[in-house]
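User: I am new to this structure and would like a close look at a single part. Please start with the hairpin, then show me what else surrounds the picture.

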Amino acid sequence: MQAINSGDTAWVLASAALVLFMTPGLAIFYGGMVRAKSALNMMMMSFAAMGVTTIIWVLYGYSLAFGKSQGGFIGNLDHIGLSSTLDQVTGAEGHQIPVLAFAMFQLTFAIITVALLSGAIADRAKYGSWVIFVGVWITLVYLPVAHWAFAAQNGEGGWIIDKLKALDFAGGTVVEINSGAAALALALVLGKRDGFKRDPMRPHNMPLVLLGAGMLWFGWFGFNAGSALSAGSLAATAMINTQIATAAAAMTWVAYEKKRDGKATTLGVASGAVAGAVAITPACGYLNPMGALALGLIAGVVSAWAVTRKYKFGYDDSLDVVGVHGVGGILGMIAIGLLATVTANEAGADGLFFSGGTTQLNRQLIAIVAVAAFSFIATWLIATVIQKTIGFRVYRDDELTGLDTTFHAESAYDITGNSNRY
Amino acid sequence: MKLITAIVKPAKVDDIKVALQAAGVAGMTVSETRGFGRQKGHTEIYRGAEYTVDFIPKVRIEVLVEDAEAQSIIDTIVTTANTGSIGDGKLWVTPVEQVIRIRTGERGGDAL
């Protein structure tokens with residue numbers, strides 16, 4: 001074993017645990033937002049993502065995402081079964097960490113990305129089909145995109161990070177735009193929930209939604225500051241920027257609501273926090289704090305507006321993965337092209353507002369379009385094949401009954417304590 | 001004997017309970033319920049989407065009383081539950097054929 005930096009290693013290990021914590025947080029965030037009859041199914045989809053993705057990651061996922069690049073598009077199979085990783089280190093000289101710490105950290109990103117998609121198909125996906133979808137989607141969509149944008153290999157790695165040189169600190173493309181575009185495809189293939197726009201489908205437990213949003217906010221520090229892969233000033237920059245943008249967007253989302261609807265809602269403040277964290281994700285390591293504040297203030301308003309578009313266009317992205325993650329990710333990627341400054345990160349770039357011209361902005365736009373288009377098309381194909389073969393959408397009767405009893409033989413609540421006697 | 005059934009605002013239940021105890025009522029039953037009357041439902045907003053909630057939470061109060069006491073108990077409930085605003089609820093009275101205390105088998109007025 002080569003020498004490792006124990007401080008950096010400790011931070012990446014802790015960050016991996018923080019990011020994993022986000023997925024149960026997402027389960028609670030989403031679970032509270034659906035109707036009580038399918039709350040467990042909603043949460044189960046996130047837990048299935050944790051299980052399936054981990055198995056794939058060990059078998060070949062890590063290798064395809066971070067193995068030696070094959071032309072910038074995908075990794076090789078040198079690390080199948082996490083082989084040739086046990087005694088290896090990664091990272092810059094003096095900041096080396098065990099490869100397995102990095103592999104664990106990256107695994108948690110893959111998990112939450114696919115778990116995010118479940119929000120677009122709430123209350124109407126066959127559970128078994130979802131489990132299969134998770135495996136196929138991670139393999140055919142997540143692993144390539146993660147390779148493109150995360151696998152830096154001295155100029156010979158993924159094409160977005162090493163050739164295009166678009167900047168994405170913690171997953172604006174890989175996690176946010178990827179999940180947003182895939183969510184739109186899923187929502188279109190599975191169709192609208194029975195009663196969409198007709199019946200009230202209000203969140204069944206708002207305190208759960210707020211708890212989940214809080215868990216996400218907390219875990220996001222690992223997501224963003226952990227992406228520095230070292231316990232230094234860059235991690236500190238990423239962390240404070242995350243806090244600033246998340247807080248700012250929470251406030252502007254409800255301010256926008258107050259003006260539009262007359263009331264500031266708890267769902268709004270929770271959604272705004274997530275929208276701000278999403279937007280700052282790619283940018284947290286490249287902006288200064290005032291840049292993060294500007295991005296957060298804008299992200300809250302834009303996402304609050306974006307989530308209402310589904311009613312206009314008629315797609316049932318039930319829990320607004322497109323409006324929050326897709327739109328927020330795009331905002332964050334564009335913000336790098338405008339607000340990035342090398343004073344925040346000398347390995348970054350200067351954006352348009354810092355005399356950097358449009359070079360970086362153009363790179364960011366190419367990355368946005370490439371990832372969104374690939375993710376949407378590939379996801380649409382995968383979901384369509386599943387729908388045409390084993391079926392993806394549940395039977396209408398099961399949908400009306402609720403997925404908890406249909407797929408899991410359970411119900412989320414037994415308030416009386418003795419309801420089984422009636 | 002009479003059964004007095006009142007649908008009231010949840011916030012008024014405690015006041016009614018105190019008033020009925022003061023009036024000497026021996027027992028009452030309450031249940032959480034939902035419905036609509038002239039008040040209709042209300043509107044809730046989630047991420048900008050308005051949802052009309054038709055059934056509003058209310059509390060149903062049921063009290064069994066002797067015929068002679070009925071009018072004063074009714075007055076007590078109506079006075080206490082009244083706020084003057086829409087949605088105060090309703091009260092109705094039904095004749096009761098028989099009442100039995102299960103433990104002892106007492107019947108009629110003795111069972112109240």
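Analyst: Start in chain B of this predicted model. Strands E3(B) and E4(B) form a hairpin, with 2 residues between them. One residue in the turn is Arg47(B), and its phi is positive, at about 45°. E3 of chain B covers residues 42-46, and E4 of chain B covers residues 49-53. The two strands run antiparallel. They are joined by 5 bridges. One pairing can be named: Tyr46(B) has Ala49(B) in E4(B) as its bridge partner.

Now look at how the chains touch. On the chain A side, 13 residues are in contact with 9 residues of chain B. Helices H8 (233-261) and H9 of chain A each supply at least two residues of that side. By class, the chain A side has 5 nonpolar, 3 polar and 5 charged residues.

Follow H9(A) further. This helix spans residues 266-283, and H10(A) spans residues 289-306. Their axes come within 8 Å. They cross at roughly 130°. An angle over 145 degrees would count as roughly antiparallel, and 65 to 115 as roughly perpendicular. The two helices are therefore oblique to each other. The crossing of H9(A) past H10(A) is right-handed.

Which residues meet there? From H9(A) come Gly268(A), Gly272(A), Ala275(A), Gly276(A), Ala279(A), Ile280(A) and Ala283(A). From H10(A) come Ala292(A), Leu295(A), Gly296(A), Ala299(A), Gly300(A), Ser303(A) and Ala304(A). This contact of H9(A) with H10(A) has 8 nonpolar residues, 6 polar ones and no charged ones.

Terms used:
Residues numbered from 1 in each chain as written. Chains lettered and ligands numbered in written order. Predicted model: local features only at pLDDT ≥ 70, side-chain atom pairs only at ≥ 80, totals over all residues. Axes fitted to C-alpha atoms, helices over the stretch in contact; angles between N-to-C directions. Helix = DSSP H or I, 4+ residues; strand = E, 2+ residues; numbered from the N terminus. Parallel < 35°, antiparallel > 145°, perpendicular 65-115°, else oblique. Left-handed = near helix turned anticlockwise from the far one by under 90°. Contact = placed C-beta atoms within 7 Å. Nonpolar A, V, L, I, M, F, W, Y, C, P; charged D, E, K, R; others polar. Pairing = 2+ DSSP bridges.
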